Amino acid sequence: MDINTAKKILDNGDLVAIPTETVYGLAANALSESAVNKIFLAKSRPLYNPLIVHISDLGDMYMIAKNIPDEAFKLAQNFWPGPLTIVLPKKDIVPDITTGDKDSVAIRMPKHPLTLALLDSLDYPLAAPSANKYKTISPTKPEHVRKSLGMEMPVLDGGNCVGRIESTIVGFKNETPIIYRHGLITAEEIADCLNQKTIDYNSDKIIMPGQEKRHYSPKTHLIYTAFPDKVFMDHSHCKIAFIQFSDIEVDTHLIDHHIHMTRENGLNGAAKMLYDTLHELDKMNFDLIVAEKVPQEGIGKAIHDKLLRAQNY
Ligand code: TXA
Ligand code: MG
């Protein structure tokens, strides 16, 4: 499908899956209540879970958000287009359904030439969550989208996503940057850009959508653990796939499949491989996927968050 066809479908109030540098998104006119409603239906996503609004022009931020702190502008200038989502007070032009009834709107400018060109051709921004059924692994290729949402879903084919893990989500309390979701841009990079420390959003009090305990789950049973050897022993009757991040010696006759995530390109390489690896392992009929605990530094925080929530017992 080309950009013109995608535009026609969107102008008609329907859905198109779009490529971004992180994962594929399921897009609709962010300013149309009825179009956005179709996203929730297609994903089986609960209505309280707000969507990210995608723009291609910094000026659009001022169309949909207000009271924008200087810090937000600085982050936008520094990281857009790119995998950073900024949460800001919303203007009335954005319907409540797009933001899950919140007063704030999450905005990002994705870094993918096709989607930027598509956005440029439209008169409205695009609301787009990841293009998968609720609580399943995010799609990094067109085939993942079709497998999760059905063969009929129109996809603007932009090849494989390069980032393969979602954007970082940052908001502000007074002027302090709060990280709602760790992602490709690290907390350290944000702190460096703003010259001040970030705070992690505390999910104990309010459960933020996307911060729900179970998310990103493969169908195969997954255990995320600091003690993989013990889990292997406890499940000696199981067919096990092991996802390793450290360099510890592993007793390989206890497992059936072994993937070393950091050998090639460290934790950055691991972040890129994560969803593809989970998609592939899910097809291979293991009884159990064991993922080794990830050091929580830099991009490791995002990988840790995803695996913690991928546990599906
Ligand atoms: O990389 C990405 O961000 C991808 C691509 C498609 O852009 N999108 C994505 O969307 O990951 P989704 O729907 O899977 O995750 C969006 C998350 C929500 O679950 C929620 O945590 C957060 O964005 N969010 C949206 N609006 C928010 C708001 N007003 N305040 C706080 N968090 C918000
Ligand atoms: Mg998602």
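The following paragraphs lead through the sheet, the cores, a helix, the aromatic pairs and some backbone details of this structure.

The model is predicted, so that local features are taken only at pLDDT of at least 70 and side-chain atom pairs only at pLDDT 80 or more, whereas totals for chains, interfaces and linings use all residues. Side-chain values rest on heavy atoms, without hydrogens and water, and residues are numbered from 1 along each chain as its sequence is written.

The sheet comes first. Helices (H or I, at least four residues) and strands (E, at least two) are DSSP runs, numbered from the N terminus. Two strands are said to pair if DSSP finds at least two bridges between them. Nine strands form an open sheet with mixed pairing, in the order E1-E2-E6-E3-E5-E4-E7-E8-E9. The edges are taken by E1 and E9, each of which has a single partner strand, so one side of each lacks a neighbour in the sheet. In general, strands of a sheet pair through backbone hydrogen bonds, either parallel or antiparallel.

At one edge, E1 and E2 are antiparallel and share three bridges; Leu 26 in E2 is the bridge partner of Ala 17. The connection from E1 to E2 is a hairpin through six residues. E2 also runs antiparallel to strand E6 (residues 126-127), to which two bridges join it, and there Asn 29 has Leu 126 of E6 as its bridge partner. Five of the five residues of E2 are buried, so this strand is largely enclosed by the rest of the structure. Here buried means under 20% relative accessible area, exposed over 50%, and partly exposed in between (1.4 Å probe, protein chains only). At the other edge, E8 and E9 pair in the parallel sense over two bridges, and Ile 178 has Ile 199 in E9 as its bridge partner.

The nonpolar cores can be considered next. A nonpolar core is a set of buried Ala, Val, Leu, Ile, Met, Phe, Trp, Tyr and Cys residues joined through side-chain atoms within 4.5 Å. The largest core has 47 residues, of which Leu 75, Trp 80, Leu 84, Ile 86 and Ile 107 touch the most other members. Helix H2 (residues 33-43) supplies the largest share of this core, five residues. A second, separate core of 27 residues includes Val 23, Met 261, Tyr 275 and Leu 307. Contact means heavy atoms within 4.5 Å. Neighbours within four places in sequence aside, the contacts of Ile 86 include Leu 75, Trp 80, Val 105, Ile 107, Val 170 and Phe 172.

Trp 80 also takes part in a backbone feature: the peptide bond from Trp 80 to Pro 81 is cis, with omega near -10 degrees. Pro 81 belongs to the loop between helix H4 (70-79) and strand E4 (84-89).

Helix H6 (residues 142-149) has Pro 142, His 144, Val 145 and Leu 149 among its residues, and these are buried. They lie on the same side of H6, because they cover an arc of only 160 degrees around the axis, the arc being that of the directions from the helix axis to the C-beta atoms. The elements covering the buried residues of H6 include strand E1 (16-18), strand E2 (25-29), H2 and helix H9 (266-283). Just after H6, Gly 150 has a positive phi of about 110 degrees.

Positive phi also appears in residues other than glycine. For Arg 164, phi is near 60 degrees; this residue is in the loop between H6 and strand E7 (168-173) and is partly exposed, with a relative accessible area of 22%. For Asn 174, phi is near 55 degrees; Asn 174 lies in the loop between E7 and E8 and is exposed, with a relative accessible area of 69%.

Finally, a search of the whole structure finds two aromatic pairs. Rings of Phe, Tyr and Trp (its six-membered ring) pair if their centres lie within 6.5 Å; planes under 30 degrees apart count as stacked, over 60 as edge-to-face and the rest as tilted. The Tyr 180 and Tyr 201 rings have centres 4.8 Å apart and planes at 40 degrees, so this pair is tilted. Phe 232 and Phe 242 form an edge-to-face pair, with 5.0 Å centre to centre and 85 degrees between the planes. Because Phe 232 lies in helix H8 (residues 228-234) and Phe 242 in strand E11 (residues 240-244), the pair ties together parts that are 10 residues apart in sequence. Both Phe 232 and Phe 242 are buried.

Key. Chains lettered and ligands numbered in written order.
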